[in-house]
Number of protein chains: 4
Amino acid sequence: MKEKILVTCIQLFEHKGFSETSIQDIVDSLAVTKGTFYYYFKSKEEVLMVIHRMYIDTLLEQQNKLLEDGALTNKDRLRGLVEMLVTNITPLGKSARVFHRELRHLSEDHMKEARAKRDQVRVAIEKVIVAGMENGEFRPDVKADIVTLGILGACNWSYQWFKPEGKYSDLEVSEVFIDMVCQGITPK
Amino acid sequence: MKEKILVTCIQLFEHKGFSETSIQDIVDSLAVTKGTFYYYFKSKEEVLMVIHRMYIDTLLEQQNKLLEDGALTNKDRLRGLVEMLVTNITPLGKSARVFHRELRHLSEDHMKEARAKRDQVRVAIEKVIVAGMENGEFRPDVKADIVTLGILGACNWSYQWFKPEGKYSDLEVSEVFIDMVCQGITPK
Amino acid sequence: MKEKILVTCIQLFEHKGFSETSIQDIVDSLAVTKGTFYYYFKSKEEVLMVIHRMYIDTLLEQQNKLLEDGALTNKDRLRGLVEMLVTNITPLGKSARVFHRELRHLSEDHMKEARAKRDQVRVAIEKVIVAGMENGEFRPDVKADIVTLGILGACNWSYQWFKPEGKYSDLEVSEVFIDMVCQGITPK
Amino acid sequence: MKEKILVTCIQLFEHKGFSETSIQDIVDSLAVTKGTFYYYFKSKEEVLMVIHRMYIDTLLEQQNKLLEDGALTNKDRLRGLVEMLVTNITPLGKSARVFHRELRHLSEDHMKEARAKRDQVRVAIEKVIVAGMENGEFRPDVKADIVTLGILGACNWSYQWFKPEGKYSDLEVSEVFIDMVCQGITPK
DNA sequence: TATGAATGAGTCTTCATTCAT
DNA sequence: GATGAATGAAGACTCATTCAT
C-alpha cells in the first residue's frame, strides 16, 4: 500500500505539480480514504521527501559504482554520469522531474539533505573532469566548475523536453551531449 | 501602481513560487488592499502572464537584433545568444527564474503563447548552428537539434545557480559555455 | 442619463436578477464609470426602489381611472383590472417581473411602501367584487378575499410564462381569465 | 447531518433567499464549520437542487396517484391537483416557496430538469381539463392551455400570501379556487 | 489497517461604495 | 457632471490534517 501510494504520488506530482495535487486527488486515484493516506505518511511533504530520497539515492549508488570502477577512463566516467542523468526510463524519469521541480516544497531539513546529495553529483562530475585534466584526457585550461554546471544543466534540462517515444533515445541524447562537450562543434 | 505590483510579484513569485504566493502576501508587501490588486489585474494568473510576456519579449527583441546583424559570423551569433540567455542583470534574472519555473501555472491560452515564443529562441539557436554547419564554421556531422537543447539547458539552468556576486561574472560564464560547446574539452 | 441608467437596470435586473447584477455590469452596459452611477443614484437599492415606484404608480394611476369611471359595470371594472395586470407592453413587462421578483431586496422602508401600494391593487379588486356582489352582478356567496387573491395570482403569474410573440396576445389572455372567473368552466 | 443541513437550508433560503444566504449563515445556524457543509454537499447550488428535487418529486408522486385513480371524475382530479398545489403543510410549504423563487439559481442542467418536471404538473392539469371537455364535465369552448396557466398562477401565487394560522385553511382556499374556476362568480 | 466525519485556517475573487480631482 | 483609484468586508470554496471508531 505504501508502495502504491508512492507510485501514485509520483504520477500525480509529475503531472500536476506538488502544490496542485491534493490529498483528495491522491486517495481518489487509489480508491481509498484520507485516513489510509495518513496511516502510511504523516504529511504530503513526507511523500515528497521519500520520492526525492529514492531518486537521489538510486542515482548516488549508480554514481559510486562508476567512480569506483578503476578500469574506466575519465571520459568513460563522464559519459557514464551523463547517461545516468539523462536516462529517462519510467519511473525514474518521472521521479527525476518531480525531483527537479519540487525541491522547494521540501521542509527546511529535508531540503538541506536533498541539496547535499544533489551536490554530490555535481562534485563527482567536477572531480572526474579535474582528474581528466591532470592525466591529459581533458584540456588543462578548462574551468572545471563552470563546465560541470553546463553539463549538469544540459542533462537536467532534458527532463523538460525529452520524450521517450521521440526521435532519439536517451542513450543517443547522452552520446550527442558527450560528443559536444568533448569534441566541441567546430571542426579541428 | 501597476508597475509596483508587477515588481513585487516578480520578487515574491521568484522567492516563494507562484502557488505559494497568496494575494494577501502581495498586497501586504505593498501595503495596499486586495481591492487594489484586483483593480489593476483581474487574476493572479494575469500577473504571471504579464511577467512572462515582458521577459520573453525582451529576449526576442535582443535575439532579433543579433540575427539581423549581417556582419556577424554564426559563431558570433551563437555567442550572442548564449550571452543573452545567461545574462542575469536585475530584474531580468528573477523574471527568468519565474519564467522557467512557473510556466505551467499559465492558463491554456497564455501557455501556448509563452511556449510558442520560448520556442523561437530554440529555433534561432538551431538555425544559427545549421547555418554554421553549412558554411563550415561548425562540424557538418553534429546533431543540431539535440545540441541546441543541450546549449539551452546549460544556459537556462544557470538561473538556478548563478550568483551575480559570485566567483564569475555572467559574461565569463557564457564565455566558458561557448568555449566548451565550440572547442570541446578534449585537447586537439 | 438617469433615464438611461434606469432603462439599463430594468433590462439587467429582469435578465439576471437584482443580486446577480453588479454595479460593474450596469456601468459596463452603459459604457460609463462607477462614479457616474453614484452621481445619479446613491445605491443599487435606490434604483430598484425607483423601478418599483414607477411601475406601481403607473398601475395605480390606470387603476384609479378605472374605478372612477361611473359608467362602467363592476364586471367591466374587473375586466379592466385584469387587463391592466396582464398587459405586457414593453417596458412595463420587464418592470413587472422585476417588481414581483425583487420586492424582497428593497430596504425596510421602501418595502413597506411598495407593499402598501401593491395592496391597493388587491383591495381595488376586492372592492369591485364586493360591489358586484351587492348589486347582483356577482354571486352573493363568493369569498371575495380569496377569489381576489386567486385572480391576482393568475394575473401576476402570467409574467412568468407570457411571451408577446406567442400564440395569444395579452388581451386574449385577459379575456380568457375573465371568462374563466366569471362564467366558470362547467356548462350551465 | 445531511438531513439537518437540508432542513436548515430550506428555512434560510425561504426566509432570506438563496443569494442572500451565505454558507456562513448556514453553518452558524447549525453550529458546525464550513468544512462540514462541504463534506456533505459540494456547493450551495447542490443543496438547492436537492431541495427542488425533493419537492417536485413528492408532488409528481401525489399527482400520479390522482391521475391513475380511475374512480375519479375529472372535476375530482382537478380539485385534487389544486389541493395538492395549495397545500401548505410544513415543511413542504417552505420548499414550495424556495422552489418557485429560486429556480433561476440552479445550474443549467439542474434547471432543465426542474423545469421539465414542473411542466409535468402543468401538462397534467391541462390533460384533465381536456378530458373533462370531451366527456361533458367542462364547457367545450374553454381555452384549456390558458385556463391551465390561470389555475397554476392562482395556486402557485398562494405561497406568497398564504398563512397557515390565517383566516382560512389550505383546504378552504382550494375549495374556493375550484368553485371559482368551475362555477364562475356570476350567478346563473 | 482502514474509515469517514469534522475542523478551521486559508484560497482567490467580487462587490458596493467613497472620494479627491 | 464625471472620473477612476482605492477600500475592506464578505463571498464561495479548498485543503491538509486529526481522531474516535
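1. A polar contact is a pair of N or O atoms within 3.5 Å. That cut-off applies to D:Tyr40, where an N or O atom of the side chain is 2.4 Å from a phosphate oxygen of DNA strand E. The model under discussion is a predicted one, and the distances below should be read accordingly.

2. Two further contacts to the phosphates of DNA strand E deserve mention. The side chain of B:Tyr38 places a polar atom 2.7 Å from a phosphate oxygen of this strand. In the case of C:Ile23, a polar backbone atom is 2.6 Å from a phosphate oxygen of DNA strand E. The elements giving two or more residues to the surface near this strand are H3 of chain A, H3 of chain B, H3 of chain C and H3 of chain D. H3(D) provides the largest share of that surface, with five residues.

3. The surroundings of DNA strand E comprise 28 residues. The closest are A:Thr36, A:Tyr40, D:Thr36, D:Tyr39 and D:Tyr40. By class, the surface near DNA strand E holds eleven nonpolar, twelve polar and five charged residues. Among the atoms of this strand within 4 Å of the protein, 65% belong to sugar or phosphate, and the rest belong to bases.

4. DNA strand F is surrounded by 27 residues. Here the closest are B:Thr36, B:Tyr39, B:Tyr40, C:Thr36 and C:Tyr40. The class composition near DNA strand F is eleven nonpolar, twelve polar and four charged residues. Of the atoms of DNA strand F within 4 Å of the protein, sugar or phosphate accounts for 71% and bases for the rest.

5. Individual contacts to DNA strand F involve both phosphate and base atoms. B:Thr36 has a polar side-chain atom 2.5 Å from a phosphate oxygen of DNA strand F. For C:Thr33, a polar side-chain atom lies 3.1 Å from a phosphate oxygen of the strand. A base nitrogen of DNA strand F lies 3.0 Å from a polar side-chain atom of D:Lys34. Helix H3 (34-40) of chain A, of chain B, of chain C and of chain D each supply at least two residues of the surface near this strand.

6. Within chain C, helix H4 (residues 44-68) and helix H7 (residues 108-134) have axes that come within 10 Å and cross at roughly 20°. Angles under 35 degrees count as roughly parallel, and therefore H4(C) is roughly parallel to H7(C). The crossing of H4(C) past H7(C) is left-handed. Residues of H4(C) in the contact include C:Met49, C:Ile56, C:Leu59, C:Leu60 and C:Leu67. The H7(C) side includes C:Ala114, C:Val121, C:Ala124 and C:Val128, and also C:Lys117 and C:Arg118. By class, the contact has nine nonpolar, four polar and six charged residues.

7. Some pairs of chains are separate from one another. Chain A and chain C do not touch, and their nearest C-alpha atoms are 31 Å apart. Chain B and chain D likewise do not touch, with nearest C-alpha atoms 21 Å apart.

8. As to the fold of a single chain, chain A contains nine helices and zero strands. Its pattern along the sequence is α-α-α-α-α-α-α-α-α. The C-alpha trace of chain A spans about 65 × 35 × 25 Å along its principal axes.

Terms used: Residues are numbered from 1 along each chain as its sequence is written. Chains are lettered from A and ligands numbered from 1 in the order in which they are written. This is a predicted model: local features need pLDDT of at least 70, side-chain atom pairs count only at pLDDT 80 or more; totals for chains, interfaces and linings use all residues. Side-chain values use heavy atoms; hydrogens and water are left out. Axes are lines fitted to C-alpha atoms, for helices over the stretch in contact, and angles run from 0 to 180 degrees between N-to-C directions. Helices (H or I, at least four residues) and strands (E, at least two) are DSSP runs, numbered from the N terminus. Angles under 35 degrees count as roughly parallel, over 145 as roughly antiparallel, 65 to 115 as roughly perpendicular and the rest as oblique. A crossing is left-handed if the near helix is turned anticlockwise from the far one by less than a right angle, and right-handed if clockwise. Contact means heavy atoms within 4.5 Å. Ala, Val, Leu, Ile, Met, Phe, Trp, Tyr, Cys and Pro count as nonpolar, Asp, Glu, Lys and Arg as charged, and the others, Gly among them, as polar. A residue is near a molecule or strand if one of its heavy atoms lies within 4 Å of it. A polar contact is a pair of N or O atoms within 3.5 Å; within protein, one must be able to donate a hydrogen and the other to accept it, and residues adjacent in sequence count only if both atoms are side-chain atoms.
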